[in-house]
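Biologist: Hi! Could you walk me through this structure, please?

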Amino acid sequence: MNTFRYNPNRRHFLRSMTAGSVLMPALVSEMLGAEGGDPLAPRRPHFSPRAKRVIFINLSGGVSHIDTFDRKPELIASHGKEIAKGDHPEIQNRPGYERIFLKRTQWDFKKYGQCGKEVSALFPEVGRCVDDIAFINSMHTSHSNHYNATLGMHTGSFTVSRPSIGAWVSYGLGTENRNLPSFMVLASQSPYAGGQVWGSDFLPGAHQGTRVQPGPMPVPNIAPRVPRNLQELELAALRKRNQRHLQTGPANPELAARMRAFETAFGMQMAVPEVFDFKAETDATHALYGLKRGQANGFGWQCLAARRLAERGVRFIELIHTGSAGNWDSHGNMMDHERLAKQVDRPIYGLITDLKSRGLLDDTLVVWTTEFGRTPFNNKADAPGREHHNWAFTTFLAGGGVKGGVTHGATDEIGLKAVDHPVHTHDFHATILHLLGLDHERLTHFHDGRDFRLTDVEGHVVKEILA
Amino acid sequence: MRVGAVFFWMYTAALTLASDQHWAFTPLSPPAPPSVQTVGWPQTGVDAFILAKLESQKLKPAGQASQRTLIRRVTYDLTGLPPTAKEVADFEKAALRDPDAAFAKVVDRLLASPRYGERWGRHWLDVVRYADTAGENCDMPVDDAWRYRNYVINAFNKDVPFDRFIREQLAGDIIAKTAAKVSPARHSELITATGYLAIARRHGHDAQMDHYLTIEDTIDTLGKSFLGLTIACARCHDHKYDPISAKDYYGLYGIFASTRYAYPGSEGNRPITDLVPLQPLGALAKQVEAWKMRRAELTAQVAALKQEVAAQSAAFTKLASQPRTELAKGIVPIKTEQAFAATVEVQAGEMLQLTIGPRANYGADTTILEWQITTADSKLKWDLTADTLDHLLAGNPHADRHGNAFAWSFLDARKPGVLLTSPVAAVDNHKPLQAWKAAGAGLPQAMVNSGNTPVQAWTSLPPRTFYVHPAADGPVAVAWTSPVTGKVSLKGKVKDGHPFGDGVDWKLEQLKGDFRKAIHQPVQLTQKLAAAEAALQAHAAKEMKMPTAYAVSEEMPDKLKNVALHKRGDPKQPGEMVPRKNLDLLGGQTVSQGSGRLQLAQWIATEKNPLTARVIANRVWMHHFGRGLVSTPNDFGTQGQPPTHPALLDWLATELIRQKWSIKALHRTILLSATYQAAAGEGPAQKLYGAFTPRRLSAEELRDTLLTLSGSLDLAMPEGHPFPKGRGFSQHNPFRANYKHTHRSVYLMVQRIQRRPLMALFDGADPNASTGQRRLSNVPTQALYFLNNEFLHTQAAGFATALATEPSRDARIQRAHTRALGRPATDAELADAREFLTAYTAAADETKAWAAWCRVLLGSNEFLYVE
């Protein structure tokens, strides 16, 4: 026997208030939100944040530090000198690598900005922004394989999958814009370790990254298959059906939340294509990113899209340059770096400059990283390429509470090891969370009988680069 | 009443426990169902426990759910599919007489359905983090993983007692070796069962090097799946909360370090090794011996036939190579025809051959032939077209209408005495076109259009006509071998059949000698030979695919080993050696045989171990009610949640053991309770199971239901996936695929480094770590799926089409409600539907309107939630 239960409560009041309209007004959605247990509801950080959102630029394959932002005169001077093998993970028991020799950079460096940061000819445009950037020249990481190091850079785990940093940030802060996912990944190719890079793992599924691929359907299922007037007819019928069901059954916040989700989804169909439609952007803006009008691919497209997503309150935006192939992994020839740098240098400059001129850089943290660096040696001094190198690499941060014009930490004289203030990926993560007002030791999730953290049991905030 | 049966049942296990404080580690205490005050409601032991707790809090249970609600609830619960309209109607009818008996019958029917194992097997596959790929840097596909998946599904369907299920998964290979009598099917099943261990996640560039991580994953899953313990916490140090020491951890570690895992290959170490043959080596040797004998037999057959063919062909060639008498000849220019006629004296067995040859150009030499022969007394007649047209492929030589099997033959006339040996059933895929051609070659050929209409092929070929086409380098011929001696008159026609090129030449010859035997044999023999060669090839291929499982086996005796504790979990920092052993918590016995897996299986799968029965009883309860009595199904340790109804949990665990670990019996115990059959509700009573909690369909249920409604669900049980044969994957170019089929979702290919969009969106299980309970989300991107997903639109349109067989609009609406929601539409809903369909049809068209209305139905909360 089904009993009819009716409680004239707030829910019913709200429902009847909106019964006449096709779509619930956003306000009511917000009011219902608190009851629905929305995992993406905005949440307060642990302390006052310097940044509200992150644009995480990930150059895949291993960008050489000594050819970009970590100039090593001693390496240039000692070119061709044989050094001891030591226990470098990439050359143990590797045929042809019985002896190794130092290898100089082939690019000139130039001083930029007030701070005089030395930047190689690979990144002349980024060079123009150095006064807004804090470089970390003493990065190091735990694994010299792409897959493991990429997983580590994203999840803090170098072996098994764990939630991505973007998922952690979404979990910690929720979202500012319900018409867009809180964590979006702009990637034309799949990265090393695949979807684990943006996975939510044991965190609620709502925090997983939504991958955006340039094209007619940037977000899955976003393009309507019926004209809008017909879709409204369907949604109205659906709402009527759901309302009737809601009133005849026992109160269930999940059901109301799902009704709200349809309204949001309807809005997303407009909001998402609008983000990726650059028509309203001026020619000057296009030029800033090195983007041709109408062009809907390339890193300039990714960067401009990132600014538009940032403006609309997306919490964590990752831009992956290349993917698991055709990337910065220049074993064969370092000249590949030149080709790839040309694809990203101008767009990154454009992004930082554009964010700054719009006042967005103050609360948007731009992160530039790769999974590891490249060896300052090879088995022949005239070998054209460089190998994987997890002992040292460079990353940088800009905006969102970061000091500009500084370089933190240093490698030894030949760029082999991070020696001065070494910064591990765990420390890097702790610093990013800190800028967002999150204490990496308090941002935890109980799972499998214990609390888990992005930084595992490690991590120190790099206070020196905080503004 | 079954409660009575356990009333005096005594628990006698004498178990030493490391901790006597934490509830989960104490022996099962089989309580009698408590007495309650409410009259009428309780039906089973389950109800007594639930009611006692409700009463203690002054709460009342909800009434019983409606029959329609109930059958939809239980059908999804046990099979993951909606009930059919007939099942709903039958149940409602039967329930009028005796609702309890009717419901019990439904439960029995569902438990007996193969669909049951597909649903409940999937629950177990969640727990064991099943995947079809290895998960190391290139996520190698694992060809044989499916065998374990199907084993699990079959085990649930067969109601394999749960203790046996545990033993098989941990040590099936050892049981297969030591058991007295094991049939081949059983052997294969036991080997396959250890896929439980083999499907552990692989890591790194060289997965052999990183095997320690695979062992860690094994121990983690072992603890969670069977014991509800987070043993992995003891990898780096003694467990902070539970009585599990690092020594316990490395005691188990040694057991798995003494076990050989099937290896899927990886970028740094490619060869696939250690797959386990499904049959024992002895049987294998016998199989190989039998295989070799058969191969020898087939090889001998082929050789003998080859010899015979050669001899027969030689006889025909020899006879045909003698001088001939030319009767007539000519050239047929394009778009023309030439007739011929003659009267000839023949001996029985002599051959008349009509030969068509190319000229300078052979490309458009399709030629129509007509040829009639009559005896002088006009008693016997032959007609090439009429004799062969409707059954050209019946033979070459081809019989006439008088029963002479050798009468007509079709020849490769490039050499004397060679028959066209290969039949073509549909030339260029045109069914009416049949032909004989030379083996392996496209031309020459003799062909008919047996149909009643012209065939548009390379040119228009008129109906009911016989054709030949010479080769580039020589002619084709049709021959008549005379069954009679005496005068025969011939007439016929050679006609250009393709108006391009330069026409053909032709001649008619008489060949002396008796061809009747010489032409009769070769083609049949050639066909026999082809069949024998194909059989030999198929047989040879069989050996290449010795069936194997992705499973484990015991290490060689000299490789069985204890391991040193890893300090801080780092294998590079060995500490003290630890003997292979059971957890102290469960007795701490050391291993005395082999790797110790069989003993471990026995230590786990025993009624003396209170965790095992509690953990599985809780899982079963959880899937029926949406939450466990212990809400942390993988963690019964001190960091997990305590049970809301400890006595009930122990009673269920005890019942499970009493019913010989039968999961199906446990289902009945739970499903036949008033608690399970309660109406959905809200408030404090609902939290204590006084009312049912509605649940959302899982990703699999959603997809399977959509396929069911559109009539496209394929209920066959598939095997493996169409993985690429080559395994040149790398971390730069890992394996990635998203195979589609219309089988049930449990059979979709599961990958470790990328998730299926549907599974990611609707909270499917994590293929990398044990999922005790799926965490269901409710987000706008799911609503987008219902609005715009292509698969959903296709299935909704299919559902609409399936409704079209109903006679009226209202009947369609009613049927859709019954199928999707398990109930008819109300008057108000009927009116709404009519209104919607009219408005939508006016704005679009009727087909689109029905598809749209079906989407509305499928988008509704009532559809997606089971009450």
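**Strands, a helix and a core**

Modeller: Sure! Strand E5 (residues 351–358) of chain B and strand E17 (residues 504–511) of chain B pair in the antiparallel sense over eight bridges. Strands are DSSP runs of E with at least two residues, helices are runs of H or I with at least four, both numbered from the N terminus, and two strands pair if DSSP finds at least two bridges between them.

Biologist: Is this predicted or experimental, and how is it numbered?

Modeller: This is a predicted model, where local features need pLDDT of at least 70, side-chain atom pairs count only at pLDDT 80 or more, and totals for chains, interfaces and linings use all residues. Residues are numbered from 1 along each chain as its sequence is written, while chains are lettered from A and ligands numbered from 1 in the order in which they are written.

Biologist: Back to E17(B): which residue there does Gly357(B) stand opposite?

Modeller: Asp505(B).

Biologist: And what is the strand order in the open sheet?

Modeller: E3-E17-E5-E15-E8 in chain B, five strands with antiparallel pairing. Strands E3 (324–332) and E8 (408–412) of chain B are at the edges with a single partner strand each, so one side of each has no neighbour in the sheet.

Biologist: New topic: how many residues of H18(B) are buried?

Modeller: 14 of its 16. Buried means 20 or more other C-beta atoms, placed from the backbone, within 10 Å of the residue's own (exposed is 12 or fewer, partly exposed is in between).

Biologist: What follows H18(B)?

Modeller: Gly626(B), with a positive phi near 85°.
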